[in-house]
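Visitor: I should like to request a close look at a single part of this molecule. Please choose a charged side chain, describe its surroundings, and then place it in the wider picture.

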Amino acid sequence: MIRAIDHIVILVRDLAAAVADYTALGFTVTPGGEHTGGATHNALVIFADDTYLELIAFKRPAPDHHWYRHVALGEGLIDFALLPTAIEADLAAARERGLTLEGPFAGGRTRPDGQQVAWQTARALTPDLPFLCGDVTPRALRVPDGAARLHANGVSGIAGLTVAVADLGASVTRYRALLGVVERETALSSMQGARAVSFALDASAITLATPDSSSGTALAEQLEARGEGPFALTLRGPHQDRPTNQQLAHGARIDFLPA
């Protein structure tokens, strides 16, 4: 069963600059390494709840890469992964519920210390849905423990993610098939002019949101400019008077929920 967010993908143009900026925001940033094929490299912001942010940058043009289309649209939240209990079984269950999924596919990267890390992924056909990422090598090789999970800003994990969707009913149906759960309806008090439905996971929630009108809100603007996908991230940590500086966060909208 799929019960947790695995990680959030944040596209950046310059990985070294993004590492410096996220460090300035109070995060501990861990070098990730280079992905198989050499098109991308990454760094990780790992939390105590076993989730993480992936800062990813392209090292060269890669038109065939799933995320390369986002380069022309700019930095920011581009995707997210859920953690399967057993990827083959979870894929089979979602397919039985009527969802078309591709995979599993082999993935991996080489850490700066030379350690090889391997995982499997699976992906749906529509960008409103996350991908699945299940470990092949021990998880601690991909998501280190210890000091890497301690942050000067006190953030301890991911509380929730808001996903911009064009057709709320259709997306709810797809998420039901993926997760095998019944959603709970919610009101987004901080996002005027939107309708939303949330899916509760073990320690976080995924909120699907669609604008009530076709213009005039950040949500509508994202749908028009970037299409469906992650819109805003809520981290669990000390109360902040204002969201994280979006420029320092390289385009990612980040809010905080008191721990």
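Guide: A residue is called buried when its relative accessible area is under 20%, and exposed when that area is over 50%, with partly exposed in between. A salt bridge requires a side-chain nitrogen of Lys or Arg within 4 Å of a carboxyl oxygen of Asp or Glu. The model is a predicted one.

The part I have chosen is Arg109, which belongs to strand β6 (residues 101-110). Arg109 is buried, and yet it has no salt bridge. The nearest side chain of opposite charge is that of Glu54, at 5.9 Å, whereas a salt bridge needs its two atoms within 4 Å. A polar atom of the Arg109 side chain does, however, lie 3.1 Å from the backbone oxygen of Arg142. Leaving aside residues up to four places away in sequence, Arg109 touches a set of residues that includes Gly32, Gly33, Glu34, His35 and Thr36. Also among them are Asn42, Leu44, Gln115, Gln116, Val117, Trp119 and Arg142. Strand β6 also holds Pro104, and the peptide bond leading from Gly103 to Pro104 is cis, with omega near 10 degrees.

Arg142, whose backbone oxygen lies 3.1 Å from a polar atom of the Arg109 side chain, leads us to the salt bridges. Side chains of opposite charge can pair when their charged atoms come close. In this model the count comes to 13 salt bridges. Arg142 takes part in a network of them, in which it is linked with Asp6, Asp50, Asp135, Arg139, Asp145 and Arg149.

One pair in this network deserves attention. Asp50 and Arg139 form a salt bridge, with their closest N and O atoms 2.7 Å apart. Asp50 lies in the loop between β3 (40-46) and β4 (52-58), while Arg139 lies in helix α3 (residues 139-142), so the pair ties together parts that are 89 residues apart in sequence. Asp50 is partly exposed, with a relative accessible area of 25%. Arg139, at 18% relative accessibility, counts as buried. The backbone of Asp50 also merits a remark: its phi is near 80 degrees, a positive value in a residue other than glycine. A further case is His250, with a phi near 55 degrees. His250 is placed in the loop between β13 (229-237) and β14, and it is buried, with a relative accessible area of 7%.

Two further pairs may be set beside Arg109. Arg111 forms a salt bridge with Asp113, the closest N and O atoms being 2.6 Å apart. Here Arg111 is buried, at a relative accessible area of 19%, and Asp113 is exposed, at 55%. Arg195 and Asp212 also meet through their side chains in a salt bridge, at 3.2 Å from N to O. This pair links distant parts of the chain, 17 residues apart: Arg195 is in strand β11 (residues 194-200), and Asp212 is in the loop between β12 (205-211) and α5 (218-225). Arg195 is partly exposed at 45% relative accessibility, and Asp212 is exposed at 52%.

We may now turn to strand β8 (residues 131-135). In β8, 4 of the 5 residues are buried, so the strand is largely enclosed by the rest of the structure. Strand β5 (residues 76-83) pairs with β8 in the parallel sense over 2 bridges, and Ala81 stands opposite Phe131 of β8. Strand β7 (residues 116-124) runs antiparallel to β8, and 5 bridges join the two. Ala122 has Leu132 in β8 as its bridge partner. Together β7 and β8 form a hairpin, with 6 residues between them.

Finally, helix α1 (residues 15-24) offers another view of burial. Its buried residues are Leu15, Ala18 and Tyr22. They cover an arc of only 60 degrees around the axis, which puts them on the same side of α1. An α-helix has 3.6 residues a turn, so residues three or four places apart point the same way. The cover over the buried residues of α1 includes β1 (4-11), β3, β4 and β14 (254-258). On the face turned away from that buried side are the exposed residues Ala16 and Ala24. Asp14 caps the N-terminal end of α1, one of its side-chain oxygens lying 3.1 Å from the backbone nitrogen of Ala16. Just after α1, Gly26 takes a positive phi of about 100 degrees.

Technical notes:
Residues numbered from 1 in each chain as written. Predicted model: local features only at pLDDT ≥ 70, side-chain atom pairs only at ≥ 80, totals over all residues. Heavy atoms only, no water. Buried < 20%, exposed > 50% of the residue type's maximum accessible area, 1.4 Å probe, protein only. Lys, Arg positive; Asp, Glu negative; His and termini not counted. Polar contact = N/O pair within 3.5 Å; in protein donor to acceptor, adjacent residues only side chain to side chain. Contact = heavy atoms within 4.5 Å. Arc of directions from axis to C-beta. Pairing = 2+ DSSP bridges.
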